[in-house]
Amino acid sequence: MIELTDLTKIYGHGDDRTVVLDRIGFRVESREILAVVGPSGAGKSTLAQCINLLTAPTFGSVVVNGEDLTTLSSKKLRVARRRIGTVFQSSGLFERRTAAENVALPLEYLGVTAAETRARVAELLDRVGLRERADHYPFQLSGGQRQRVGIARALALRPSVLLSDEATAGLDPTTTSSVVALLRELRDDLGLSIVFITHEMDTVLKIADSVARLDHGSIVESGRLVDLLTDPASGLGAELRPQGVSADAATGQQVWHVVYDRPDVPSDWIARASADLGAPLSVLGASVQQVGGVTIGAATLGIPERLAPRVAQVLARYGLAATSDVRVGAALEGVA
Ligand SMILES: Nc1ncnc2c1ncn2[C@@H]1O[C@H](COP(=O)(O)OP(=O)(O)O)[C@@H](O)[C@H]1O
Ligand SMILES: [Mg+2]
């Protein structure tokens, strides 16, 4: 478990004073992945550095397993910091060391015996699927493999928290998916609390149990991923939701956006709702996927004017929340 309270970072003084992080608070349980999203310059990397105390926060606390790391002496902090493993964007590997030697580094610093180190490194490389690559140098590894080495090294001292700052940035979608799958496995198998920092919304959808959006140093929206996705009023949910919109096909009709509001939406809801309305609903776009065992979906429907008054009520029977998109509808009327 990791919990931040009022974590604040201010650079400079007087007129040069910049509040980079403003009273950040969140809690990530064991076996939970919190994705922190935000645009470039939002303060994400500063947050990562404050969480693992590479940078001293101006005030606020970072509590890991019940201990506030911000109050520790530097000697105690060195020990306590082992509870947080960190993975960076560029993986930060030493180019002149093999994969195995990179993973061994934290163990060497700690004075672990050579035999123990060998055994632990083999176990770690195995865990991230790189047993065959132990003696390869970073330049001989793909981007995804380098990140796996970085993850193995971050896990060397058996942390309870894994902190990732843009670990999948620059990776292609397939490689990103495999790194994400590895992190989710590690979350479950090792009971990790993972803070996954990214600017990529589509990666959030793949990895997160919960999400916090950082903007100008403040958390402006947060919640469980499933709750955000199914909340029609959530701006973050709308950005994260898989989009299947092709509104230009809707000329002459009202355009409605529909989101799955319950986990038990029947798969044949379109046919059933059409039967209830006595007219077929035309689906302009739809996207449905599983997130954390729950079906999340969004659809864009074209609906004849005369049916519009009853649509929301009928769809609600099947666990769907519908809102009409007056803006798109008006634009289409202008075209027609
Ligand atoms: N040492 C520093 N002194 C002053 N400002 C800084 C310092 N480090 C970062 N910043 C500022 O903090 C803001 C957030 O930066 P950063 O945490 O790197 O954002 P992100 O990782 O979200 O792109 C930026 O405006 C940056 O200029
Ligand atoms: Mg950054």
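**Exercise 1. Find how exposed Glu67 is, then identify its salt-bridge partner and say what the pair ties together.**

*Solution.* Let's start with the accessibility of Glu67 in this predicted model.

- Step 1: Glu67 has a relative accessible area of 27% and is partly exposed.
- Step 2: Arg83 is the salt-bridge partner of Glu67, with 2.6 Å between the closest N and O atoms.
- Step 3: Glu67 belongs to strand 5 (residues 67-68) and Arg83 to the loop between helix 2 (74-80) and strand 6 (84-88), so their contact ties together parts 16 residues apart in sequence.
- Step 4: Arg83 is partly exposed too, at 24% relative accessibility.

**Exercise 2. Work out which parts of the chain the salt bridge of Glu108 and Arg97 ties together.**

*Solution.* Go from the contact to the elements.

- Step 1: The side chains of Glu108 and Arg97 form a salt bridge, 3.1 Å from N to O.
- Step 2: Helix 3 (residues 99-110) holds Glu108, while Arg97 sits in the loop between strand 6 and helix 3, so the pair links parts 11 residues apart in sequence.
- Step 3: Glu108 is partly exposed at 40% relative accessibility, and Arg97 is partly exposed at 23%.

**Exercise 3. Decide whether each partner in the salt bridge of Arg187 and Asp188 is buried or partly exposed.**

*Solution.* Take the partners one by one.

- Step 1: The closest N and O atoms of Arg187 and Asp188 are 2.9 Å apart.
- Step 2: Buried means under 20% relative accessible area, and Arg187, with 8%, is buried.
- Step 3: Asp188, at 34% relative accessibility, counts as partly exposed.

How values were computed: Residues numbered from 1 in each chain as written. Chains lettered and ligands numbered in written order. Predicted model: local features only at pLDDT ≥ 70, side-chain atom pairs only at ≥ 80, totals over all residues. Heavy atoms only, no water. Salt bridge = Lys/Arg side-chain N within 4 Å of Asp/Glu carboxyl O. Helix = DSSP H or I, 4+ residues; strand = E, 2+ residues; numbered from the N terminus. Buried < 20%, exposed > 50% of the residue type's maximum accessible area, 1.4 Å probe, protein only.
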